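User: I am new to this structure and would like a close look at a single part of it, the salt bridges. Please take me through them with care.

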Amino acid sequence: MTERSLRVLEFDKIRTQLTQYCVSDMGRELCGALVPANRLDDVRRMQEETEEARTLMTYLGDTPMIPFSDVRAQLHLAEIGSALSPRALLDIASCLRASRAARDALVTDRKNTPALTANASRLSTFRAVEQAIGDAIISEDEIADRASSELFAIRRKMRACNERVRERLNGMIHSPSFQKYLQEAIITVRADRYVLPVRQEYRGMVPGIVHDQSATGATLFVEPMAVVEIGNELKQLTASEKAEIERILRALSAQIAPEAAAIADNLAILAQLDFAFAKAALARQMHACPPKMNGEGIVSILRGRHPLIDPEKVVPLDIRLGEDFTTLIITGPNTGGKTVTLKTTGLFTLMAQAGLQVPAEHGTELAVFDDVFADIGDEQSIEQSLSTFSGHMRNIVSILEQVTPDSLVLFDELGAGTDPTEGAALAQAILSTLLTMKTRTVATTHYSELKEYALTTEGVENASVEFDVATLRPTYRLSIGIPGKSNAFDISRKLGLPEFVIARAKELLSREQVRFEDVIANAEYHRQVAQKERQIAEEARAEMIAIRNQAEAERKKLEEQRDKAIRKAKEEAKRIVENARRESEQMIAELRAMKKAGGAQEHEIQRVKKQMEKAQEELSDKQETGGEVPASVKPGDMVHVASMDLDATVVSGPDAKGIVQLKAGMMKMRAKLSDLRTMTSTQQMLRKEQKKLERKRSMRETRVDVMTRQVRQELDVRGMALDEAIPEVQKFIDDAMLSSLGEVSIIHGNGTGVLRAGIADCLRRHPCVSSFRLGRYGEGETGVTIVSLK
């Protein structure tokens with residue numbers, strides 16, 4: 001690809017945008033060096049890499065890459081035996097951390113990201129080296145005390161020396177007899193030694209070493225002799241500390257040296273991964289899609305949006321080339337979007353061949369060209385080509401010398417800047433040359449001769465950009481198959497040019513020119529009318545489909561509700577049968593127990609059993625069908641209210657409006673006769689027996705509860721709040737009294753002691769408590785309270 005085409009089509013701006021999504025300088029270097037490939041296999045591989053990265057970003061939520069530095073120079077120093085600085089070691093540690101994070105995130109069992117997974121699996125991890133650096137170096141200015149035992153011991157001695165010096169100096173500055181010698185009662189540092197600010201006139205009263213003096217000479221900074229020896233010791237310890245830090249740095253550097261080559265390989269892989277995820281991030285920001293790539297020169301862009309135009313203002317374009325025709329001639333007024341169409345076609349091609357996704361709809365197809373040539377001199381662009389005819393022609397000559405059948409050529413205002421007749425002839429000759437070569441070509445023009453050429457030449461197609469004459473504004477929509485008008489007369493009339501001038505201008509046009517422009521205008525008018533009618537028809541069709549889909553959804557919803565209701569009714573009936581069977585067996589067992597105790601007779605037991613078996617059999621037979629709507633009802637009938645799913649007894653028959661008075665338990669209600677369902681005598685009997693069984697079950701549960709209370713001798717209230725525990729304790733004491741227990745235990749735990757104190761206060765005031773104490777060894781000690789009952 002020529003650098004001029006990359007610049008004219010503004011591919012460099014896309015590279016600049018891409019660099020913003022990298023986390024490393026090495027990734028940004030790859031972005032800045034990005035150029036389109038011209039082999040189909042390479043382009044597809046790069047596109048697959050971008051799509052895999054975007055898939056992972058969707059799965060992970062963001063890029064798995066963390067920032068890392070370019071440490072190739074530091075690795076080289078380590079290889080040759082140099083001791084690295086703390087900053088260099090920290091940078092290497094960040095690289096190792098980034099490698100480990102990328103490998104953990106990308107090397108998984110996912111089957112839809114094979115390329116990135118394979119690339120990340122080549123990353124080596126050096127957890128021991130990474131941890132050693134992290135443990136030893138806190139920041140580029142600080143080494144950790146525990147980087148080595150020797151360093152820890154040295155710094156401990158240094159702290160002790162510092163404390164001794166400060167202790168002695170503090171004793172001096174707080175001595176009333178000594179303070180008069182000082183300029184200020186402070187301790188300061190000069191030349192790494194602790195000193196006191198002594199007045200000049202009292203120099204002889206403070207024996208020691210002078211390390212500095214003030215600018216005026218009135219103050220001398222003296223290290224008293226009492227701390228000189230300690231200061232010397234501190235100086236030696238400082239030197240030892242420095243030597244130990246250098247030894248630690250050399251040791252860490254030595255750990256890195258044998259792994260330098262592998263870490264350098266990691267850097268290259270990380271940079272490539274950073275670059276891939278930057279491409280994915282750019283695609284997500286542009287709402288781009290992966291284009292289908294081909295080697296047949298077919299271009300089909302669906303609703304393509306130029307990536308450098310404000311997304312709120314850009315108008316999507318549909319562009320096709322290379323299948324039915326190889327040359328597209330775009331006409332229309334200035335500022336109508338012709339140049340944007342050219343640049344969109346060229347820039348999309350460059351982006352796709354560089355492995356970038358394009359901001360268009362899915363289904364977009366682009367071709368791989370061996371080169372893209374552009375002769376664009378748009379004054380609206382920041383990057384302008386030559387504006388004179390000679391400058392354009394030099395560029396066209398260069399293009400014709402290099403172009404091949406596998407190239408894409410873009411001409412803006414082909415043949416402009418010279419005599420229109422000659423310019424049109426040259427333009428037609430150039431296009432014919434490229435057509436003969438079957439080179440894919442897109443050209444913009446105002447020449448009517450080129451419109452006629454497109455209409456009469458096979459392999460060439462007209463296209464136009466729309467312009468709203470009423471508002472004097474372009475719509476930026478591209479229409480393929482219809483040549484465009486420049487609309488010079490209409491625009492001039494709207495801008496106020498006198499009508500007689502416009503009429504005179506029309507007279508100067510030849511009859512053939514007028515007829516041709518009228519044909520174009522008529523075709524454009526009918527095309528717009530057809531487009532509007534098609535749009536209305538599509539909207540009506542879409543509305544009809546939406547209504548049909550909504551009706552279908554409602555039908556499915558009703559069917560699902562019906563099926564759900566039937567399933568629920570079956571499950572409820574089955575549950576009732578099972579409950580009835582279990583309750584009957586329990587009831588029979590209780591009756592037998594009562595018989596043994598002298599209660600129920602055998603014939604009563606058999607009667608209840610037969611009733612339950614008959615009800616179970618009838619309900620099992622009838623559970624597949626529901627009751628019917630009764631023709632009429634009378635007071636005392638049992639019915640089922642369908643809308644409320646409850647049973648009720650009829651109080652009074654239906655009135656003139658079909659309203660029935662009902663009673664369900666203590667509740668009275670009204671319902672329409674059509675909402676009622678009949679109940680068989682068996683169903684009514686089953687309902688009554690079920691209620692009896694429920695009462696029996698309640699009585700049995702009450703007895704079981706009493707039996708349970710009789711055996712409970714301890715209460716566990718751990719985890720409760722005090723206001724929750726007190727009612728439980730009171731109920732527990734009452735149950736224990738009913739069971740004639742003499743001593744019980746309350747487990748409250750230790751905790752803060754609030755629960756223990758609150759329970760003790762409750763027991764102290766309870767009338768049934770004789771005494772209480774904390775547990776002894778083996779009883780739970782202070783976490784348990786033993787209560788003696790009266």
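Analyst: Glu 10 and Lys 343 form a salt bridge in which the closest N and O atoms are 3.7 Å apart, a salt bridge being a side-chain nitrogen of Lys or Arg within 4 Å of a carboxyl oxygen of Asp or Glu. This pair links distant parts of the chain, since Glu 10 lies in the loop between α1 (3–8) and α2 (11–19) while Lys 343 belongs to helix α13 (residues 338–353), 333 residues apart; helices (H or I, at least four residues) and strands (E, at least two) are DSSP runs, numbered from the N terminus. Glu 10 counts as buried at 8% relative accessibility, and Lys 343 is buried too, with a relative accessible area of 6%. Here buried means under 20% relative accessible area, exposed means over 50%, and partly exposed is in between (1.4 Å probe, protein chains only).

The model is predicted, so local features need pLDDT of at least 70 and side-chain atom pairs count only at pLDDT 80 or more, whereas totals for chains, interfaces and linings use all residues. Residues are numbered from 1 along each chain as its sequence is written, and side-chain values use heavy atoms, with hydrogens and water left out.

By the salt-bridge rule the count comes to 27. Another of these pairs joins Asp 212 to Arg 190, with the closest N and O atoms 3.3 Å apart. Asp 212 lies in strand β5 and Arg 190 in strand β3, so this salt bridge ties together parts that are 22 residues apart in sequence. Asp 212 is partly exposed, with a relative accessible area of 34%, and Arg 190 is partly exposed as well, at 26%. Arg 190 also lies over the face of Phe 221, at 4.1 Å from the ring centre; a charge sits over a ring if NZ of Lys or CZ of Arg is within 6 Å of the ring centre and within 35 degrees of the ring normal.

Within a single helix, the side chains of Arg 555 and Glu 552 meet in a salt bridge at 2.3 Å, N to O. These two residues are separated by about one helical turn because they stand three residues apart in helix α19 (residues 511–596). Both are partly exposed, Arg 555 at 36% relative accessibility and Glu 552 at 32%.

Finally, salt bridges can also join into a network, as they do in linking Asp 145, Arg 155, Arg 159 and Glu 241.
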